[in-house]
Amino acid sequence: MYVPAHFRPDDDQVRELLAHHGAADLITVTARGLLATMLPFIYDPPGSRPDAGEHGVLLGHVARNNDQWREPAVGEALVIVRGPDAYISPAWYATKREHGRVVPTWDYITAHGYGRLVVHDDPAWLEALVRRLTEHHETGRPDRWSVDDAPPAYIAGQLRAIVGVELFISRLEGKFKLSQNRSAADVDGAIAGLESRGETAMAEAMRAQRDRPAQVPASISRASEPTRRPSRRPAK
């Protein structure tokens, strides 16, 4: 993923996204070609378990009838996680009124996790995952639903209809494109414009980035940058 320096988040921001995202895209290259499925994941961060590694693990499940779990991944699998995104109108920028040299853009938050994909077809593993996913997404609801609210035989049947997947992340890239390359006045204008359209999630993300103290760039993104080739210009 192309990550200019001013859009590079720090490690904590990326891991916060992984811990609190909604659904994500699982993409694998197989003998049949590219396969993709959108599904929710739970994130086990580094240090949470002995095999979590440097970047952690993403756990989810797919339908048993989905062929993606049956087709072995060629090389690394990829999970694309997203935060809010929105169109940014140049009409919101203060600099439009100053000189007019502005164009539209799209702001967004995303992370790409690459790694080894492991398939789990074990009812106990799947039940534990479903309970974790349910608890994660039911938290804060006034009428929280629990797996135990359904008949055990029904849950057992549902578990037979899914297969677990686990991505051991070996490479992690994050990009928080939140108008960091614009002036403070332009950012404030974009926030106001987003709020006027009811796009509060993106406005809040931009406001949090604007108010965030300067951070050390993320090692997880920096590690994925290509090595610069030495200049071929003759020495002067």
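Does Glu173 count as buried or exposed, and at what relative accessibility? In this predicted model, Glu173 counts as buried because its relative accessibility is 2%, under the cut-off of 20%. The salt-bridge partner of Glu173 is Arg171, and the closest N and O atoms of the two residues are 3.9 Å apart. Arg171, with a relative accessibility of 31%, counts as partly exposed. The setting of such residues is described below, beginning with the overall fold.

The chain comprises 236 residues, of which 43% are buried. Its secondary structure consists of 7 helices and 6 strands, arranged along the sequence in the pattern α-β-β-β-β-α-β-α-α-β-α-α-α. The C-alpha trace extends over about 65 × 55 × 35 Å along its principal axes. Of the contacts between residues at least 6 apart in sequence, 75% connect residues at least 24 apart.

The strands form a closed barrel of 6 members in the order β1-β2-β3-β6-β5-β4, and the pairing is antiparallel. From one strand to the next, the twist averages 40°. Strands β5 and β6 run antiparallel and are joined by 13 bridges; within this pairing, Tyr108 stands opposite Lys177 of β6. Strand β6 is also joined to β3, again in the antiparallel sense, by 7 bridges, and Val57 has Phe168 of β6 as its bridge partner. On the other side of the pairing order, β3 is joined to β2 through 4 antiparallel bridges, where Ile42 stands opposite Leu59 of β3. Strand β3, spanning residues 57–63, is mostly covered, with 5 of its 7 residues buried.

Helices pack against the strands of this barrel. Helix α1 lies across β2 (33–44), β4, β5 and β6, and runs at about 145° to β6. In helix α6, which covers residues 200–210, the buried positions are Met202, Ala203, Ala205, Met206, Arg207 and Gln209. These buried residues of α6 pack against two helices, α1 (11–20) and α5 (184–196), and against the strands β4 (77–88), β5 (105–120) and β6 (162–177).

In soluble globular proteins, nonpolar side chains tend to be buried together. The largest nonpolar core of the model contains 36 residues, and Phe41, Val79, Leu194 and Met206 have the most contacts inside it. Strand β6 supplies the largest share of this core, with 6 residues. A second core, separate from the first, has 16 residues, among them Ala52, Leu59, Val130 and Val147. Beyond its neighbours up to four places away in sequence, Leu194 touches Ala86, Tyr87, Ile88, Trp92, Glu199, Met202, Ala203 and Met206. Three of these contacts, Met202, Ala203 and Met206, are among the buried residues of α6.Charged side chains add a further set of links, with a count of 21 salt bridges. In one of them, the side chains of Arg132 and Asp44 meet at 2.8 Å, N to O. Arg132 belongs to helix α3 and Asp44 to strand β2, so this pair ties together parts that are 88 residues apart in sequence. Arg132 counts as partly exposed because its relative accessibility is 35%, whereas Asp44, at 9%, counts as buried. Another salt bridge is formed by Arg197 and Glu199, with the closest N and O atoms 3.2 Å apart. Arg197 is exposed, with a relative accessible area of 59%, while Glu199 counts as partly exposed at 25% relative accessibility. Salt bridges that share partners also join Asp44, Arg49, Asp51, Arg132 and Glu166 into one network.

Glu138 presents a contrasting case. This residue lies in helix α3, which spans residues 123–138. Glu138 is buried yet has no salt bridge, and the nearest side chain of opposite charge, that of Arg141, is 4.0 Å away. Leaving aside residues up to four places away in sequence, Glu138 touches Asp143, Arg144 and Trp145.

Note on methods
Residues numbered from 1 in each chain as written. Predicted model: local features only at pLDDT ≥ 70, side-chain atom pairs only at ≥ 80, totals over all residues. Heavy atoms only, no water. Buried < 20%, exposed > 50% of the residue type's maximum accessible area, 1.4 Å probe, protein only. Lys, Arg positive; Asp, Glu negative; His and termini not counted. Contact = heavy atoms within 4.5 Å. Pairing = 2+ DSSP bridges. Axes fitted to C-alpha atoms, helices over the stretch in contact; angles between N-to-C directions. Core = buried A, V, L, I, M, F, W, Y, C linked by side-chain atoms within 4.5 Å.
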